[in-house]
Amino acid sequence: MKKLFLSLTFLLCFVMSNAQNTMMYESVTYINGLGISDIPRFIELHKKFADLAAGENRKATGQWLFRHWYGSGHAFVLYDQYDSMEDYMTDSDLYLENIKLKVEALKDENEKEAIKKDWAEYRAFSDGHTDEIRGASSETGFLTVENVNFDVPFVMVVGRYNSSGSWTKMGNAFFDWRIKPEIDAGTSIAGGVSYHYMGSGPEVEVWQCYNSLVDFATAVSTPSEQSDAAKESSKTFWSLVSGGHEDQIYLHIGHFNLDKGVFDLAGANK
């Protein structure tokens, strides 16, 4: 109940203080308990059913699959993006409906049975999963360099925090301290901030993407001059951090290519 109250409070405060912004929503699914030998099969099946579920009727504006590389916890994280909570609620039915219709349209019964077995195997990978819904501002939720190429196994670094005060003030401070300066300098290719809305999860989550692990290591280990405004934003951010925090490093596995209508595995010709 406390989390729900805080989420509604955040949404009200966001609308009042950011009238020029719009809200975006992310459905985040954490896949737990997969062994190393399961990873290739999970990726194969995820692409298969993401492609089968594709259709012009779908409401998702994006889907990104990441493999956990460093930190504690899950094996994969899946982000689905929506323009509204209504679209999110509608889309789960459309996902299943599209798969069902395409399978039923197959004339080969053996092929049908094989897909049904694959579906059962794929769904079993979700046993013990956790999920949440997060909200993001159109101004700070997603920022990239120009002409960025996302069809590579880039690195995403995620920081998860709780706040002692205003969530948006804390998120905006991180955006002004780290995300925008690194995008402007070209050391990071993308970044953003999201806020807890529903389910279990941290109040404020920040993320930044780098072309490679080498680029990430260089960015965090090379001293750089900060403006006075960035230094002030750093102080504001850390003054609002409550308790400990969690860091995760992910590798991009693939994303849904809206232009092609398929789940695009990271890398050329995949």
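Helix H5 (residues 167–185) holds both Arg178 and Glu182, placed four residues apart, or about one turn of the helix. In this predicted model, the two residues form a salt bridge in which the closest N and O atoms are 3.0 Å apart. The partners fall on either side of a boundary in accessibility: Arg178 is partly exposed, at 21% relative accessibility, whereas Glu182 is buried, at 12%. The two are classed apart because buried means under 20% relative accessible area.

A pair with a matching spacing occurs in helix H2 (residues 39–53), where Lys47 and Asp51 also lie four residues apart, about one turn of the helix. Their side chains meet in a salt bridge of 2.9 Å, taken from N to O. Here Lys47 is partly exposed, with a relative accessible area of 22%, and Asp51 is partly exposed as well, at 24% relative accessibility.

Glu132 and Arg134 offer another case to look at in the structure. Their side chains meet in a salt bridge of 2.8 Å, N to O, and both residues are buried. Side chains of opposite charge can pair when their charged atoms come close. In total, the structure holds 14 salt bridges.

Turning to confidence, the protein has a mean pLDDT of 90, and 92% of its residues reach 70 or more. Strand E8 (residues 204–210) has the highest confidence, at 98, while helix H1 (residues 2–17) has the lowest, at a mean of 41. The pLDDT is below 50 over residues 1–19, a stretch that has 23 contacts in the model beyond near neighbours in sequence. Readers setting up calculations may like to keep these values in view.

The pockets come next. The largest pocket contains about 670 Å³ of space. Its lining is made up of 28 residues, and those nearest its centre are Ser27, Thr29, Leu78, Asp80 and Arg123. Two or more lining residues come from each of strand E1 (23–31), H2, strand E3 (76–82), helix H3 (85–104), helix H4 (109–124), strand E4 (130–137) and strand E7 (190–199). Among these elements, H3 gives the most to the lining, with six residues. By residue class, the lining of the largest pocket divides into 14 nonpolar, eight polar and six charged residues.

The second largest pocket holds about 580 Å³ of space. It is lined by 26 residues, of which Thr61, Gly62, Trp64, Gln81 and Phe142 are the closest to its centre. At least two residues of this lining are supplied by each of E1, strand E2 (62–70), E3, E7, E8 and strand E9 (241–257). The lining of the second largest pocket divides into 15 nonpolar, seven polar and four charged residues. E8, which contributes to this lining, is also the element with the highest confidence in the protein.

Conventions: Residues are numbered from 1 along each chain as its sequence is written. This is a predicted model: local features need pLDDT of at least 70, side-chain atom pairs count only at pLDDT 80 or more; totals for chains, interfaces and linings use all residues. Side-chain values use heavy atoms; hydrogens and water are left out. A salt bridge is a side-chain nitrogen of Lys or Arg within 4 Å of a carboxyl oxygen of Asp or Glu. Buried means under 20% relative accessible area, exposed over 50%, partly exposed in between (1.4 Å probe, protein chains only). pLDDT is the predictor's confidence in each residue, from 0 to 100. Contact means heavy atoms within 4.5 Å. On a 1 Å grid over the protein atoms alone, a cavity is a set of points where a 1.4 Å probe fits but cannot get out, and a pocket is an open set with protein on both sides within 12 Å along at least five of seven lines; lining residues have an atom within 4 Å of a point. Grid points are joined across faces, edges and corners, and a volume is the space filled by probe spheres set on the points. Ala, Val, Leu, Ile, Met, Phe, Trp, Tyr, Cys and Pro count as nonpolar, Asp, Glu, Lys and Arg as charged, and the others, Gly among them, as polar.
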